[in-house]
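Here is a protein structure to read closely. Keep the sequence and the 3D view open side by side.

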Amino acid sequence: MSESIRSGAVGSAYLASEGNEHVLAEELGRLGVPVAAWHGRLALSPAPPADAHWALDRWERPELLPIGSIGEAVTLLRQRQRNWSHFPLLHHRRSALIASRLPPVKAAPLHFPASAPTAPLGAWTLLAPDRLLLSTAKTSPFPNGEARFVEDRTGPPSRAYLKLWEACARLGAWPQPGDSCLDLGATPGGWSWAIASLGAGVTAIDRAPLDPRVAAMPGVHFRQESAFGLDPATMDAVDWLFSDIIAYPARLLALVRRWIESGRTRRIVCTIKYQEPTDHAATDAFAAIPGGRLLHLAHNKHELTFFWDAALAEQRDAEAQRPAG
Ligand SMILES: C[S@@+](CC[C@H](N)C(=O)[O-])C[C@H]1O[C@@H](n2cnc3c(N)ncnc32)[C@H](O)[C@@H]1O
């Protein structure tokens, strides 16, 4: 363990998803965030929290505390707040004894449609038997960023629908009955299934045929063509534009910009799929879009999810034009 961490100076901690540790490390390097130590998938930095999109969870207010006993660790945690999630590293028996003396946190799988939990949730781990790292605040509302859902194992033709469910749960919003949606790169049809199951209308676009069971659902309309060939300016306006297309990030960025400029959608939720080496410059460009937000979701692989909201973009625009002072 490095000296800066021993002295207790942890300013932020970043949890990578499995297999994406190197991507998060690269991003932290680009942001100029020094990493003092990695503990499993958790990167500790002496610097304050930075906007690292590849973190599944970010610990906002870390404290590294010496503990003399299990009881002392429990007291330190309980003094601060009620709800804690444990990130397991080493020292399993000791950690289990601490966890058993903390109030239980209801981590039941979400029954979609539902928003992510809003109760304050902290995170803790033991870096050594006598060293407790805790944070009263973290960015993910789920324990260790792990969003879990009551799954539907018969309806959808692929498990990709979980990515859409997680995105909507984090957004706290999802298509409503009567909403119109576009689903780009829809095949085999998990996202379209999820949208149609909510009672919204969906036009599914893909070069490959949609699963016939999804194509036959009420409200689903399938067009077999390339999503890049669509001209938003000539299309009916939609409430939601969804995309899970396999495409280079830069190409998807151009498509997203075209849709935003057209004014033909109120919201966008799209998966950005990366190859090695990760195109961090494309991430920067997505992050710079006013009214946009990027998250690495538990159901993302080597992917980020981009969210955009026209109302938020207008608000940002108005703020930027207001005279200072
Ligand atoms: C990961 S799959 C989508 C899975 C889907 N969201 C689901 O829930 O089942 C990616 C899809 O992008 C489609 N795709 C790739 N290039 C495309 C293009 N130019 N236009 C439309 N679809 C495209 C592929 O055919 C593939 O079906």
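The questions and answers below concern a predicted model.

Q: How many salt bridges does a search of the whole structure find?
A: A salt bridge needs a side-chain nitrogen of Lys or Arg within 4 Å of a carboxyl oxygen of Asp or Glu. Searched as a whole, the structure holds this many salt bridges: 16.

Q: Which residue forms a salt bridge with Arg-30, and how far apart in sequence are the parts that the pair ties together?
A: The side chain of Arg-30 meets that of Asp-284 in a salt bridge, at 2.4 Å from N to O. Arg-30 belongs to helix H2 (residues 21-31) and Asp-284 to helix H9 (residues 280-287), so the pair ties together parts 254 residues apart in sequence. The partner is Asp-284, and the separation is 254 residues.

Q: Is Asp-284 buried, partly exposed or exposed?
A: Buried means under 20% relative accessible area, and exposed means over 50%. Asp-284 has a value of 43%. That makes Asp-284 partly exposed.

Q: Which elements does the salt bridge between Glu-63 and Arg-80 tie together?
A: The closest N and O atoms of Glu-63 and Arg-80 are 2.9 Å apart. Glu-63 lies in residues 62-66 and Arg-80 in residues 70-80, so the bridge ties together parts 17 residues apart in sequence. Glu-63 is partly exposed at 24% relative accessibility, and Arg-80 is partly exposed at 31%. The elements are strand S5 and helix H3.

Q: In the salt bridge of Arg-266 with Asp-239, which residue is buried?
A: The closest N and O atoms of this pair are 3.2 Å apart. Arg-266 sits in strand S13 (residues 265-273) and Asp-239 in strand S12 (residues 238-243), so the pair ties together parts 27 residues apart in sequence. Arg-266 has a relative accessible area of 45% and is partly exposed. At 17%, the buried residue is Asp-239.

Q: Which residues do salt bridges that share partners join into one network?
A: Shared partners link several salt bridges here. The residues in this network are Lys-163, Asp-244, Lys-273 and Glu-303.

Q: Which residue in S15 stands opposite Ile-268, and which is the bridge partner of Leu-294?
A: Strand S15 (residues 303-309) is mostly covered, with six of its seven residues buried. S13 and S15 run antiparallel and are joined by seven bridges. Strand S14 (residues 292-295) also runs antiparallel to S15, with four bridges. Ile-268 faces Trp-308, and Leu-294 pairs with Phe-306.

Q: Which helix gives the largest share of the largest nonpolar core?
A: This core has 40 residues, and Tyr-14, Leu-184, Phe-286 and Phe-306 have the most contacts inside it. Elements that each supply at least two residues include H2, strand S9 (180-184), H9, S15 and helix H10 (310-321). The largest share is five residues, and it comes from H8.

Q: How many residues does the other core have?
A: Another nonpolar core lies apart from the largest one. Among its residues are Ala-194, Ile-195, Ala-200 and Trp-240. Its count is 37 residues.

Q: Which elements do the buried residues of H5 pack against?
A: Helix H5 (residues 161-171) is mostly covered, with ten of its eleven residues buried. Among the buried ones are Lys-163, Trp-165, Glu-166 and Arg-170. Their packing partners are helix H6 (190-197), S12, S13, S14 and S15.

Q: Which residue follows H5, and what is the sign of its phi?
A: The residue after this helix has a phi near 70°. The residue is Gly-172, and its phi is positive.

Q: Which residues come nearest to the ligand?
A: There are 19 residues around the ligand. The side chain of Ser-158 has an N or O atom 2.9 Å from a ligand oxygen. A polar backbone atom of Thr-187 is also 2.9 Å from an oxygen atom of the ligand, and a backbone N or O atom of Gly-190 lies 2.9 Å from one. Those that come nearest are Gly-190, Trp-191, Asp-206, Ala-227 and Asp-244.

Q: Which side chain makes a polar contact with the side chain of Arg-58?
A: Arg-58 lies in strand S4 (residues 57-59). Arg-58 is buried, with a relative accessible area of 14%. Beyond its neighbours within four places in sequence, its contacts include Tyr-14, Pro-49, Asp-51 and Lys-138. The polar side-chain contact, at 2.5 Å, is with Glu-60.

Technical notes: Residues numbered from 1 in each chain as written. Predicted model: local features only at pLDDT ≥ 70, side-chain atom pairs only at ≥ 80, totals over all residues. Heavy atoms only, no water. Buried < 20%, exposed > 50% of the residue type's maximum accessible area, 1.4 Å probe, protein only. Pairing = 2+ DSSP bridges. Core = buried A, V, L, I, M, F, W, Y, C linked by side-chain atoms within 4.5 Å. Contact = heavy atoms within 4.5 Å. Near = heavy atom within 4 Å. Polar contact = N/O pair within 3.5 Å; in protein donor to acceptor, adjacent residues only side chain to side chain.
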